[in-house]
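Grab the model and work through these exercises with it. Each one sets a task and then walks through a solution.

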Amino acid sequence: MAKSIQAKINDIFIKVPEGTTILEAAKSVQIKIPTLCKHPDLPPSASCGICVVKAKGSNKMLRACCTPLDEGMEITTHDPEIVAIRRSVLELILSNHPNDCLICGRNNNCELQKIVADFGISEEYFPKIKRDLPMDDSTKAVVLEPEKCILCGRCIYVCQDMQDVWALSFLQRGIKTRFSPAGDITLAESPCIKCGQCSAHCPTGAIVEYFDVPKVWKALENPDKYCVVQIAPAVRASIGEAFGVAGKNFTGKLYALLRRLGFKAVFDTSFAADVTIMEEASEFEQRFVKGTKPLPLITTCCPSWVDFMEKFHTDMIEHFSSCKSPHEILGVLSKTYYASKNNIDPSKIVMVSVMPCTAKKYEITRTDEMSASGYQDVDIVMTTRELALMIKQAGIDFMNLPDEESDTILGEYAGAGVIFGSTGGVMEAALRTANYFITGEELKKVDLDVVRGLKRVKEGEIEVGGKKVRVAVAHGMANVEYVLNKVREAKKAGKELPYHFIEVMACPGGCVGGGGQPYMVTDEVRTLRAAALYEDDKTKAVRCSHQNPYIKRLYKEFLEKPLSEKSEKLLHTTYKGRPIYKR
Amino acid sequence: MREEKLSVDIENIVKKWEGKKGSLIMILHDIQNLYGYVPRATSLQLSNYLEVPLARIYEVITFYHFFKLEPPGKHLIQVCMGTACYLKGASDLLHELRDILGVREGTTTKDGLFRLEVVRCLGCCGLAPVVKVDSKVYSKVTKDRVADILSEYEQEAAVK
C-alpha cells in the first residue's frame, strides 16, 4: 500500500496517498483550483500557470496540477494575490488570442472562454499581438486554426504519445512557438491519420472538425434530393452528453429526431455492422480452417487505423480484412439494394452519416471503391458534435422526443452490431458468428468478457470447435506496435503465431472515445458510453449477426452469400502503401 | 525502418555519431556545416534512418536559431540593429535592402545571391550605422549608398 501524506489545504486537514497532486488533493476536500492546460484524460503539461498555489514557508508559487502534495505542507489555494496572478495569466493568454468567439466553432463550448468568463475579464489589459498563422483545412476532416492556440500542449501529447502519429509538434520557441506539421506543409501532406483526438482534447477552437452541417442543411432543402441518414453505434451513447445526460442510450430519440430534421429514411450503421461481421467472420473461417490467406486476420473498420497501417505498417496488408467498414457498407447498400427495392433513382439519394469520428470524413473518398454503387456511397459525414449543433438549430426538444423505430431493411440490428462502438466489440461480434460458421453451433455464452474493458492491449483465448483461437485487441494507436511486433517476431523466427485474430481501433476506448464525440472524455466517460452499448446488446432478442432476420433477407434477396461475387464487388476494398510525408 | 539508402556524405556523418545517444543535434550541426543549411530531403532521410520522427527533428531545427532551413545565399548581408546603429538610421537601411532585394530578413533572394539578416551590435558602434557583407564592413552607410554596395557583388557575379 502506498504511503499516506498528511498536510493542510486552506487550513483543512487532509490525508492522501503519496504521489497525489495538490490539484487532486484539493478536489477531495471540495476545493476547485482552476485549470486550463490540464485535461483530466492526460498527464499535466504544466504550461499555462493558472493553477498556481502558495505553500507556507516557500516564496515560490507551485503549479497544483503537477506538484505532488508533500508531508506537512500547508497550501493556500485562493487569496487576493493568487487570484490576481491567475488573472494576469489569462490577460497574457488573451493578448494573442483572437476575439472571434461569436464566430468560432467552440463558441459556448470553449474552456478558455469559460474560465475568462469566470474571472469576469471585461477589458484587454495588454495590447493585442496578432500572430499571422494560416488556417489549414487541407484534410477536410480536421481543421487547424493555430492563431487560436494557447500552447497547452494537449494535441502534441495526443498526437505523439497517445497516437504515435507525430503529425503535430511545437515549432520555434518563445513568443513565436506554434503547433504545426513538421515544416511548411499542410496537415494533409503530413502523417496525420485524421483520428481527431487532437480536436477532442483541444481546449479552444484551434483544432476542430471540418464543419459539414451547412452541406447537410443544403441537401435537406433540395426537393430533387432524397436524403437518407445512418447513425453509428457510439453516437447513441454520447449524444445525451450535449444535453447534460451521460451514459444513456438514445437510439429511439435519435431516429425520431432525424426524421423530424427531414430525412426520408433513417438507417442504423449497426445493421451494416452485422453485414461486416458476416463477411469478416467468413474471411476468418477461410483463413483459420482452409488457410486460404495468412493469419492473423486484422480488422479494418477504423479508417484512422487503415490510414496508419497504409503509412507505417505496410507489411501487414496481407493480414488486413478486405471488408469495408459498416459505414461504407450502409452507404453502398442504400444506393443499390434499398434504392432498387423502393424504386428510387440512386443518383438522387444523398447518404448522410452521423459518426463519432472525424476520419470517416476522409474515408468516403479513400479509394474509388468507396463509390461501388456507381455514385459516392456516402455523401456527407457529420460528427456527434455537429449533430448536437443541428439539433439546437432545428429547435427540437431532443430529450423529450418520443422513441421511434428505424426504417426497415437497413435499420434492424443484432446486439453484435451495436457493440462495434466499443473497443473489443468488433472482435466479440465476429467471434460469435465465426464460431457458428466454423462449428455450425451457437456459442453457449455470447458475452466474451476477455475482450471487454479499457486495458490497453487485451489478449485472450476463445475455444472454437475444440481449437483455441488466440485474439488480441488494441486501442489507442500507440498500443498497436506491441501487438504487431509480436506477430513480426513470430513470423521471422518461423514460430507459432501469437494471435489468429487482431482488432485495432485508433481511439482509446474505441469509437465511444472517438475524435468526433462530445468534449471532456475520460476513461470514466468511455466506460459509461461503452456500458450503454453493452446494455443495448444484452437486451436484444437477437444478439448474433447471422441470426438477424434482415441480414438473412439481405443475403437471400441481394448478396447471395458472404464473399459472393456481388459481395466482393460492393462490400470489399483494397489497401496500398502511402507516403508518410507527401513532401 | 532502414529502407532508404543514405547519400555517402550523410552516411559518413551519421556513422561518426552512431550508437551515441542524444546525437541528433551534433548530426544536424555537421549537416549544416556541409550544406550551409539543413535540407528537408536530408531531414527525411535522417528521420527514416535514425527512426526519429521528422516532427522531432523539426522541433530541434526550429528551436535553435543556429539551424537554417533554407540555402544560405552566396553573400550574407548583416544589418546591425544594435542601439547605436538603430539610432543612426539602421532601420531605413533595412527597409531599403528589403525593397531592392525583394526579401525579408532571414530569407534569401530568388537568384541565391544574397541572404539578408539582422544582427545585434557588431562591436564597432563608432562606425554606425554598419552593414556587413560577408567579412567586409561598410561604415556610416546612408540609404542612397545601399544600391551601390549591392551592385559591387552583382557585377562580380556577372563577370563570373
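**Exercise 1.** Sort the lining of the second largest pocket in this predicted model by residue class, then work out where the pocket sits.

*Solution.* Start with the classes: the lining has 14 nonpolar, six polar and 13 charged residues. Together they belong to a lining of 33 residues. Next, look at the centre of the pocket, where Gln172(A), Lys176(A), His65(B), Gly106(B) and Arg115(B) lie nearest. Then turn to the elements of chain B: α4 (54-63) and β3 (114-119) each give the lining at least two residues. Finish with the volume, about 1,400 Å³.

**Exercise 2.** Find the domains assigned to chain B and say how far apart their centres lie.

*Solution.* First mark off the bounds: domain 1 covers 8-63 and domain 2 covers 75-159. Now take the C-alpha centres of the two domains of chain B; they are 31 Å apart.

**Exercise 3.** Lay out the open four-stranded sheet of chain A and explain why one side of each edge strand has no neighbour.

*Solution.* Write down the strand order, β12-β17-β16-β15, and note that the pairing is mixed. β12 (297-298) and β15 (457-464) of chain A are at the edges with a single partner strand each, so each has one side without a neighbour in the sheet. Now zoom in on β16 (467-475) and β17 (501-505) of chain A: they run parallel and are joined by five bridges. In this part of the sheet, Val473(A) sits opposite Glu503(A) of β17(A). Last, add the helix: α15 (425-439) of chain A lies across β15, β16 and β17, at about 155° to β17(A).

Methods. Residues numbered from 1 in each chain as written. Chains lettered and ligands numbered in written order. Predicted model: local features only at pLDDT ≥ 70, side-chain atom pairs only at ≥ 80, totals over all residues. Heavy atoms only, no water. 1 Å grid on protein atoms, 1.4 Å probe; cavity = no way out; pocket = protein on both sides within 12 Å on 5 of 7 lines; lining within 4 Å. Points joined across faces, edges and corners; volume = space filled by probe spheres on them. Nonpolar A, V, L, I, M, F, W, Y, C, P; charged D, E, K, R; others polar. Domains from an automatic or database assignment. Pairing = 2+ DSSP bridges. Contact = heavy atoms within 4.5 Å. Axes fitted to C-alpha atoms, helices over the stretch in contact; angles between N-to-C directions.
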